[in-house]
Amino acid sequence: MRPATEPARFLPGFIAAEGCFTRARADPGHHAFSVGLGAVDAGSIEFLLAFLGVGFVSRSARRAAHYDDEITFQVRKLAHLVGVVVPFMDAHLPPSHKRTQYEAWRADLLDYWEHRARRRRPCSVEAGDRRRRRTGCAGATSTSASGSSG
């Protein structure tokens, strides 16, 4: 994430107007930040992606002949939400209804991150070979049916 600059002053108002903070009730670990626009405004979406440096862009064909194609920016990776999106919004999102929505979303996200999120743990030297294979740690070897290492 870039330090506060002219775009950092533009983006919070843009996000307050067009942003969406979601969490799925059926899956308490699913949190997302997104902005969806008509494809004619793709430059704004690409700018948001470049500025934050996280997330992805998806494009969808129009749903009806009189609609525009759609472009959506999304951040769903928990580490990116906690490490990039939350600090940016905390610092820049202005007081608004969107800020109130964000604060509820943020509280739920950080509670999940602190208490329920499963994170990959670094391998320890004491861990057995079976655990290293299962978690994909470096240095693990697989054994074929013939007993040779692969």
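Mentor: Two strands pair if DSSP finds at least two bridges between them. Strands themselves are DSSP runs of E, at least two residues long, while helices are runs of H or I with at least four; both get numbered from the N terminus. One caveat up front: this is a predicted model, where local features need pLDDT of at least 70, side-chain atom pairs count only at pLDDT 80 or more, and totals for chains, interfaces and linings use all residues. Residues are numbered from 1 along each chain as its sequence is written, and side-chain values use heavy atoms, with hydrogens and water left out.

Trainee: OK, so what is the order of the 4 strands in the open sheet?

Mentor: The order is β1-β2-β4-β3, and the pairing is antiparallel. β1 (19-23) and β3 (56-60) each have a single partner strand, so they are the edges, with one side lacking a neighbour in the sheet. On average, neighbouring strands are turned by 25 degrees against each other, direction ignored.

Trainee: What makes β3 and β4 a pair?

Mentor: DSSP finds 5 bridges between β3 and β4 (residues 70-75), in the antiparallel sense; the rule asks for at least two, so they pair. In one of these spots, valine 57 has phenylalanine 73 of β4 as its bridge partner.

Trainee: And which helices lie across the strands?

Mentor: α3 (residues 78-92) lies across β1, β2 (31-38) and β4, at about 70 degrees to β2. α4 (residues 97-115) lies across β1 and β2, at about 35 degrees to β1. Those angles run from 0 to 180 degrees between N-to-C directions, with axes fitted to C-alpha atoms, for helices over the stretch in contact.

Trainee: Why is valine 35 called buried?

Mentor: Buried means under 20% relative accessible area, exposed over 50%, partly exposed in between (1.4 Å probe, protein chains only). Valine 35 comes out at 0%, so it is buried. This residue of β2 touches Phe14, Ile45, Leu48 and Phe73, among others, leaving aside residues up to four places away in sequence; contact here means heavy atoms within 4.5 Å.

Trainee: How do you know that arginine 62 and aspartate 69 form a salt bridge?

Mentor: The definition wants a side-chain nitrogen of Lys or Arg within 4 Å of a carboxyl oxygen of Asp or Glu. For arginine 62 and aspartate 69 the N to O distance is 3.2 Å, which fits. Arginine 62, at 41%, is partly exposed, and aspartate 69 at 29% is too. By this rule the count comes to 6.

Trainee: What does the arginine 99 and glutamate 103 bridge look like?

Mentor: Their side chains meet at 3.0 Å, N to O. Both sit in α4, 4 residues apart, about one turn of the helix. Arginine 99 has 16%, so it counts as buried, whereas glutamate 103 has 41% and counts as partly exposed.

Trainee: How do you know that the buried residues of α4 share a side?

Mentor: The buried set is Lys98, Arg99, Tyr102, Trp105, Leu109, Tyr112 and Trp113. They cover an arc of only 145 degrees around the axis, so they lie on the same side of α4. That arc is taken over the directions from the helix axis to the C-beta atoms. The face turned away from the buried side carries the exposed residues His97, Glu114 and His115.

Trainee: And what span does α4 have against the expected one?

Mentor: Its 19 residues reach 28 Å from first to last C-alpha, close to the 27 Å expected. The expected span is 1.5 Å times one less than the number of residues.
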